[in-house]
Amino acid sequence: MTSSNWFWIPYELLLNLFQAFLFTWFIDHMLIKKSRERISFWICVLLTFLGYSAFLFDSDSIILAFLSSWVKLIPAAYSVIFYRDHWWSKALWIITLFVIPSTVSAFSYYSFGMFFDKTFQSFLLPSWERIGFTLFANILMWFVLFMIVRFFSGLRENNHSRPKSVVFLILILTVANLAAEAMYYLYPQGDLSTTLFFIVSLFSLFICLSTLFLYRSLVLYSKQSADINYIQGQRNAIDSRLAEISEMYSMMQMLNHDIRKHMQVTETMLSKNEIEESRSYLAEVSSNLENLFSTGCLPLDSALTVRKKLLEEKKIGFIYELCDLQKLPLSTSDFCAVIMNLLDNAAEACERYYGETFDHFVSLSIRHREDMFFIEVVNPCPSRPLKKRNGLFVSTKDAPGHGLGLTVVEHITNSINGICSFSQDGPYFKAYVALPYFEKAERNNE
């Protein structure tokens with residue numbers, strides 16, 4: 001920019017600052033940040049602003065400042081470093097940030113060129129037409145990005161889409177971006193007609209927006225599938241609990257029948273004044289009785305008793321440390337669902353390693369400290385570490401549906417602002433759940 005045009009610098013700087021803020025704001029609303037700090041946000045705005053402002057000293061490139069690809073690498077790097085989304089999600093919104101400004105500005109070039117009967121080069125010169133063009137292009141760009149944020153930012157919290165599908169959409173957006181870049185090379189050279197320039201740019205914008213709506217449909221469909229799997233998991237859990245209750249009832253009937261027999265035998269011994277024999281008999285009976293749980297939560301006691309018997313039949317040890325559970329941090333059904341899903345997941349893991357030389361066991365610990373319940377389940381996982389796929393933890397040789405129980409645990413835990421984590425610690429897989437206890441939860445259980 002020549003010295004006679006220095007009065008345009010404040011205007012150009014404001015435009016550059018607006019564009020830097022808009023692009024950084026877009027990334028900040030489409031991705032999930034690792035932390036809530038805002039310093040990195042403004043650093044990204046500043047670096048992007050400085051990158052755009054470098055074009056003020058090149059009169060042939062001033063109009064293309066907010067279209068420069070290398071400057072957009074700054075918010076791209078910002079998204080990679082400070083956000084915890086999957087790489088394909090980052091790539092989708094970064095390439096969108098490349099396509100939107102190019103296609104919107106192309107539409108603005110054509111509209112203002114036709115309205116003012118101006119050439120492409122005339123918008124490079126300081127004039128009222130340039131002010132109108134730049135304001136229109138930036139407002140339109142803000143509107144498009146704002147609408148994308150409004151309709152798509154809600155998908156970022158529960159993104160169940162598959163990487164392959166998103167990568168395919170990214171490739172489509174990349175082609176649209178390359179088409180826009182080619183237009184900006186050919187049109188100023190006079191190698192592209194104005195009408196064709198407009199049609200291609202409008203078509204590229206249409207491809208970009210339609211691709212994003214297709215992405216929204218894929219995410220919503222994936223979320224519905226995840227919800228259906230969750231509901232099916234809950235139904236399976238209910239069926240499992242009903243079967244356990246039925247088995248527990250049968251056990252109680254058998255126990256009641258045996259106790260009556262033992263009482264009759266004891267009464268016969270006492271009637272014959274065989275006191276020592278009756279004591280020995282009662283001691284033997286007591287040692288053979290089933291070890292029943294007594295935590296204060298009857299449904300959980302019943303479920304644990306049945307689960308212990310099933311584990312013993314499969315030759316899997318059951319180690320437990322329980323506290324008083326008369327007052328629970330959430331509803332009885334949900335609390336039992338958390339415990340049983342964790343135990344089922346651990347039991348399935350032990351069954352996968354039959355034949356390997358190590359102890360097969362499931363360890364359950366439930367502790368109550370002040371206003372928190374801590375649940376920890378540990379099982380051996382020596383040679384095939386688990387991996388996370390579509391939100392589910394599965395083994396390298398997993399069966400269909402395996403890992404769904406952990407998703408149920410996460411859903412219930414998150415519903416009361418609890419914490420759950422699953423980790424591989426050497427040869428063991430550990431599931432840890434922390435549940436806050438509130439008076440409201442106590443009242444719901446009474």
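Which residues does Ile100 touch, not counting residues up to four places away in sequence? In this predicted model, the list runs to Met141, Val144, Leu145, Ile148, Leu205, Cys208 and Leu209. We'll come back to Ile100 after a look at the whole chain.

## How far to trust the model

The mean pLDDT of the protein is 76, with 76% of residues at 70 or more. One stretch to watch is residues 59–65, where the pLDDT is below 50. In the model, that stretch still has 22 contacts beyond its near neighbours in sequence. Residues 440–446 also fall below 50, and here the model shows 10 contacts beyond near neighbours.

Where pLDDT is low, don't read the predicted coordinates in detail.

## The overall build

The protein has 446 residues, and 46% of them count as buried. Its secondary structure comes to 12 helices and 7 strands. Take the contacts between residues at least 6 apart in sequence: 73% of those join residues at least 24 apart.

On the outside, the protein exposes about 24,000 Å². Carbon and sulfur atoms account for 61% of that area.

## Two nonpolar cores

Back to Ile100. Along with Phe26 and Trp93, Ile100 is one of the residues with the most contacts inside the largest nonpolar core, a set of 45 residues. Helices H1, H2 (39–53), H3 (69–82), H4 (87–116), H5, H6 (163–186) and H7 (194–271) each give two or more residues to this core. The top contributor is H4, with 10 residues.

There's another core, lying apart from this one, and it has 42 residues. Among them are Val362, Phe422, Ala431 and Val433.

## A greasy spot on the surface

Not everything nonpolar is tucked away. Phe18, Leu135, Ile139, Trp142 and Phe143 form a nonpolar patch on the surface, and together they have about 460 Å² of accessible area. Helix H5 (residues 128–152) supplies the largest share of the patch, 4 residues.

Phe18, meanwhile, sits in helix H1 (residues 9–30). Is Phe18 buried or partly exposed? Phe18 counts as partly exposed, because its relative accessible area is 32%, and buried would mean under 20%.

H1 and H5 thus turn up twice in this picture: both are listed among the elements that give two or more residues to the 45-residue core, while Phe18 of H1 and 4 residues from H5 make up the surface patch.

Definitions and conventions
Residues are numbered from 1 along each chain as its sequence is written. This is a predicted model: local features need pLDDT of at least 70, side-chain atom pairs count only at pLDDT 80 or more; totals for chains, interfaces and linings use all residues. Side-chain values use heavy atoms; hydrogens and water are left out. pLDDT is the predictor's confidence in each residue, from 0 to 100. Contact means heavy atoms within 4.5 Å. Patches are made of residues with over 30% relative accessible area and no salt bridge: like charges are joined within 9 Å, nonpolar side chains (Val, Leu, Ile, Met, Phe, Trp, Tyr) within 5 Å. Accessible areas come from the Shrake-Rupley method with a 1.4 Å probe; for residues, only the protein chains shown count as cover. A salt bridge is a side-chain nitrogen of Lys or Arg within 4 Å of a carboxyl oxygen of Asp or Glu. Buried means under 20% relative accessible area, exposed over 50%, partly exposed in between (1.4 Å probe, protein chains only). A nonpolar core is a set of buried Ala, Val, Leu, Ile, Met, Phe, Trp, Tyr and Cys residues joined through side-chain atoms within 4.5 Å.
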